[in-house]
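Welcome! Take a first look at the structure below, then work through the exercises at your own pace.

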Amino acid sequence: MRLALAAATLLRHRTRTLLAVLGVAVSAALLLDMVMLAGGMRESFRDLLLVRGYQLRLSPKGTLPFDSDATMERAAALLAAVRADPRIVAVSPILGGQLHVLGAAPDGGESGPAATAFAMGLDARVQGDYELVRGRHAVAGAELVASPAFLRATGAGVGDTLDVAAGFDPQLRQYAGRCRAVVVGEGRFFYTPGEQPVAALPLATLQAMRGEEGRDRLSLVMARVADGADVEQVRAELQRRVPRVSAISTATALAQVEQRLSYFRQLAFILGAISLAIGFLLVTTLVTVSVNERVGEIAVLRAIGVSRAHVVQQIVLEGSALSLAGAALGLALGLVTARYLNAILGDFPGLPAAFAFFVFRPIDAWRALGLLVLSGVLAGVYPSWRAASLPIATTLREEAVG
Amino acid sequence: MARVLGALAVAPVLGGAPGPGAASVAEAQPGVRPIPAVRGVAVDERLRDDLGVCLGDRVVLLGRPGDGRDSALADTVRIDAFVRRGADPSEVARAEYRVRLHLDQLQRLAAYDNRVDRFAVATRDSAATERVLGAVNEAAFGFRAHRSRDVAVRTSRTFQVVQRFHRAIGVITVVASAVFLLCILLLKVDERRRDVAALRLMGISRRTVVGALVLEASLVSLLGSALGLGVGWAVTQGINWYYQGVYRTPLLFALVTPGVALFAVTLSLALGVGAGFLAARRMARTAPLALFGR
């Protein structure tokens, strides 16, 4: 009966109810988006860092991995120091740099670079930067694994041979090293933007091609810590033993990235709170007005013996129904808008293709729904209290006399 | 006072911007002015605040992390000035410190020899810019010229993405506010049913009743807009105060511009008039006794 009465009241003013549901839906959509944004960046970045299970990263002192062109010298000694820790079960060294794909001039001579790509010198057995889509890994010599953007930019395919060079000296217009490399595979790179051409070569090949700038140098070392070992402790000890580099764990990297992106988290919190407040105010106003309009009806119900609790429940039910209907519509709307907003933020320069700002997790939807239902229940509290405490005789007389 | 600051990131541009770096080109000319034993540098306010250094303090700058003060890539300098960062959106999230040195000093510290990262060239007009650009890119050996405008467009891409995101969020917020406003104004008119019934029974025309209700809704919208502008202005002050502190930048994060104010007032007024008119017309068409609930 309570449900039927609440439904009848809401249907009595269809336009008003529809507008309220729409208002709550837009608020719910914004709330869901902001809840997704607040936790999504962290989760997405965490997943990205741990995609291959490497929990530690060593980069040039004072920098984040590939934040600058800086490299770490005495790479062999550095790797030996890292491998000396028995709790570290895998080490992946990486050297970054530019790789120029040379084109042929119409007269058969050599022209400038046909394409320039970001090159990674890796050890294919332990690499954690890409997954192979087709072909095989570049294990030795003049071989490379290319990203789809690289293949598009060069017009090459798996099995083709390219004239590539590295270590360009702009003053002398010379390359420190060049070779004819075979594209042996295509890979999906985790940490580079989708539109950036990327190639992975054997580490020794790229070090040799970069000349003096690459000799015994690394841009990044990734380390996997054994299960059960304390990653933070391993990181702190490594940092103490090798002070010339920055040792970064997944937790510290997350903290640094969160600091850089704290603006979005705060924005998410503020806008989420505002959208919740708008939804709450809307439902409160509507239910209050609705109660004011039918004080006579409520007084009659009370006069014929309907209990206060019944009146309170019916009004709270109205508020909750409005919130629930709006929330259901809003959650669907929120998923659509999150996709759109994610596409906008995905244009950030240098952002890894696999990184997402808005990540849907069922817990986020439940959290948003829970907050909305709670606000709907709270929105019905004041009007229901007012309705339940109406003086029956006075209200009936006032309503009858007008 | 001498102090080792540890790994100080050197400025990314070697003498590209006016200031100590550019000034040092003249100072470094042999025979023009002798180079003092301890030279002055300028550091940014973040470094000053975090390290507690004062003007006149002597510090040791290291070109390579982990080196000692006796390293060949170390230099004892005197802090001669503090510089404030510009309001550049592309630098907001960057937390590194900035130190401005004399060009030759930084070249030595960074083991850069006689090299620079870039030159800034001033031209007379846009035609001259085109000519210089073409000539340099045609003849230059080992470097390339870019228009400052093109460089600015490239470096402000991050900011453009944030702006698009803000705009999208703004549209959603405006839609939510519009529905809210519409709802409130409909209710506001709706609660005047008995007054309207009384007016109609007294012989007041429908047109006058509708006009009065629309006027009332418009006034409510205008008053709400004025209040909203005040609240909005206060909130922007709070936002700017907070984020300028967080990012330590003079950048303005939120701004109530005349355009924004006009948009808010126009939207609110249009919704007020529209909602008021629709609700008033419906009410004026209803029989007065029905409005009384009879």
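**Exercise 1: where the chains meet**

Find how many residues each chain brings to the contact, and describe the side of chain A.

Step 1. Chain A puts in 32 residues and chain B 26 residues, where two residues are in contact if their C-beta atoms, placed from the backbone, lie within 7 Å.

Step 2. On the side of chain A that touches chain B, at least two residues each come from α2 (14-49), α8 (262-293) and α10 (308-345). The largest share there is that of α2(A), with nine residues.

Step 3. Sorted by type, the residues on this side of chain A are 19 nonpolar, seven polar and six charged. Here Ala, Val, Leu, Ile, Met, Phe, Trp, Tyr, Cys and Pro count as nonpolar, Asp, Glu, Lys and Arg as charged, and the others, Gly among them, as polar.

**Exercise 2: how far to trust the model**

Work out what the confidence values say about chain B.

Step 1. This is a predicted model, in which local features need pLDDT of at least 70, side-chain atom pairs count only at pLDDT 80 or more, and totals for chains, interfaces and linings use all residues. Residues are numbered from 1 along each chain as its sequence is written, and chains are lettered from A and ligands numbered from 1 in the order in which they are written.

Step 2. Chain B has a mean pLDDT (the predictor's confidence in each residue, from 0 to 100) of 78, with 83% of its residues at 70 or more.

Step 3. Residues 1-31 of chain B stay under 50 in pLDDT. Where pLDDT is low, the predicted coordinates should not be read in detail.

Step 4. For the complex, the predictor gives an ipTM of 0.72 and a pTM of 0.69.

How values were computed
Helices (H or I, at least four residues) and strands (E, at least two) are DSSP runs, numbered from the N terminus.
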